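Hi,

Here's the structure I promised to pass on. Have a look at it first, and then read my notes below.

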Amino acid sequence: MSDLLSGINPVHVAYAVMVVGVMLCFLFSGKHKRELRLAADHFAIPFVKLSNYISPGATMNGIAVDRPGGDRICGLPLEKQPGSIRAIMKRANEEIPVQLFAEMVDAANEMERLTGRSKTEREQFGDPIQELLLMTHTFLTGCENPKNIDSPEKKKRFDSFLQNQLAHRMVLLKRISGGMSAEFQALNQAYEDEMEKLELEEMEQRRSRVKR
């Protein structure tokens, strides 16, 4: 046995162990990234379905508010909202949006678990998902009772849900898995041309930076 062991080069052994370790790390890292994108899938689909159900196309509508003074605002009662906003608020309080939001919460919780203490993963995946979740929550609570929109920040989030869907969907497009792209695209037909245009512009910008 000692003769057999004496023929083994410890440097070669250490190198082999290192190679195996790198391979395992790569495999686990790839699996973890797939889990992050899967959680993004589970958030993106109900988010888009909820938006499509409430407001199928792009809109520049926003909630009407009273401004008592200073930074204080107060959403006007339903009967004093514009007709388009009243219709949106009524649809938002139906059972389907509530169910879809519950799915979003579950997916966001899973994303938070997966990102853990990783600052990079929180910045890339966790924080954008949490921001969209907070915006949607503000929007739905504002639809439930317009008086819940009682600050400029909440009005901004409420209006952003309606007015900036293109930007929000682009955020999700960059985080979902490739296997979900077809379903995601099918749910974004109203924004398809604009999203393709933005993707092409971003590609051109990346190419320009590489050439410099």
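There are nine helices and two strands in the chain. Keep in mind that this is a predicted model. If you read along the sequence, the order goes α-α-β-β-α-α-α-α-α-α-α. The chain has 212 residues, and 34% of them count as buried.

Let's start with the strands. Strand 1 covers residues 65-69 and strand 2 covers residues 72-75; the two run antiparallel and are joined by three bridges. If you want to trace the pairing yourself, look for Asp 66, whose bridge partner in strand 2 is Cys 74. Further along, Gly 69 sits opposite Arg 72 of strand 2. The two strands form a hairpin with two residues between them, and Gly 70 takes a positive phi there, near 65°.

Strand 2 is also worth turning around on your screen. Ile 73 and Gly 75 make up its covered face, while Arg 72 and Cys 74 are on the uncovered one. That fits a general pattern: in a regular strand, side chains alternate between the two faces of the sheet. So Arg 72, the residue across from Gly 69, and Cys 74, the partner of Asp 66, both belong to the uncovered face of strand 2.

Next, the salt bridges. The count comes to four, and here are three that I looked at.

- Lys 31 and Glu 35: their side chains meet at 2.8 Å, N to O. Both are in helix 2 (residues 10-54), and because they are four residues apart, about one helical turn separates them. Lys 31 is partly exposed at 41% relative accessibility, and Glu 35 is partly exposed too, with a relative accessible area of 29%.
- Arg 113 and Glu 110: the closest N and O atoms of this salt bridge are 2.8 Å apart. The two residues belong to helix 4 (residues 95-115), where a spacing of three residues puts about one helical turn between them. Arg 113 is exposed, with a relative accessible area of 55%, whereas Glu 110 is partly exposed at 32%.
- Lys 155 and Asp 159: this salt bridge has an N to O distance of 2.8 Å. The pair lies in helix 6 (residues 152-163), four residues apart, which means about one helical turn lies between them. Where do Lys 155 and Asp 159 sit, buried or exposed? Lys 155 is buried, and Asp 159 is buried as well.

Last, go to helix 9, which spans residues 192-211 and includes Glu 196. Which residues gather in a patch of negative charge on the surface? They are Asp 193, Glu 194, Glu 196 and Glu 199. Why can Glu 196 be part of a surface patch? A patch takes residues with over 30% relative accessible area and no salt bridge, and Glu 196 passes the area cut-off because its relative accessible area is 40%, which makes it partly exposed.

If you only have a few minutes, I'd look at the hairpin of strand 1 and strand 2, then the buried pair Lys 155 and Asp 159, and then the negative patch with Glu 196.

Cheers

Notes:
Residues are numbered from 1 along each chain as its sequence is written. This is a predicted model: local features need pLDDT of at least 70, side-chain atom pairs count only at pLDDT 80 or more; totals for chains, interfaces and linings use all residues. Side-chain values use heavy atoms; hydrogens and water are left out. Patches are made of residues with over 30% relative accessible area and no salt bridge: like charges are joined within 9 Å, nonpolar side chains (Val, Leu, Ile, Met, Phe, Trp, Tyr) within 5 Å. Accessible areas come from the Shrake-Rupley method with a 1.4 Å probe; for residues, only the protein chains shown count as cover. Lys and Arg count as positive and Asp and Glu as negative; His and the chain ends are not counted. The place of a charge is taken as NZ of Lys, CZ of Arg, CG of Asp or CD of Glu. Buried means under 20% relative accessible area, exposed over 50%, partly exposed in between (1.4 Å probe, protein chains only). Two strands pair if DSSP finds at least two bridges between them.
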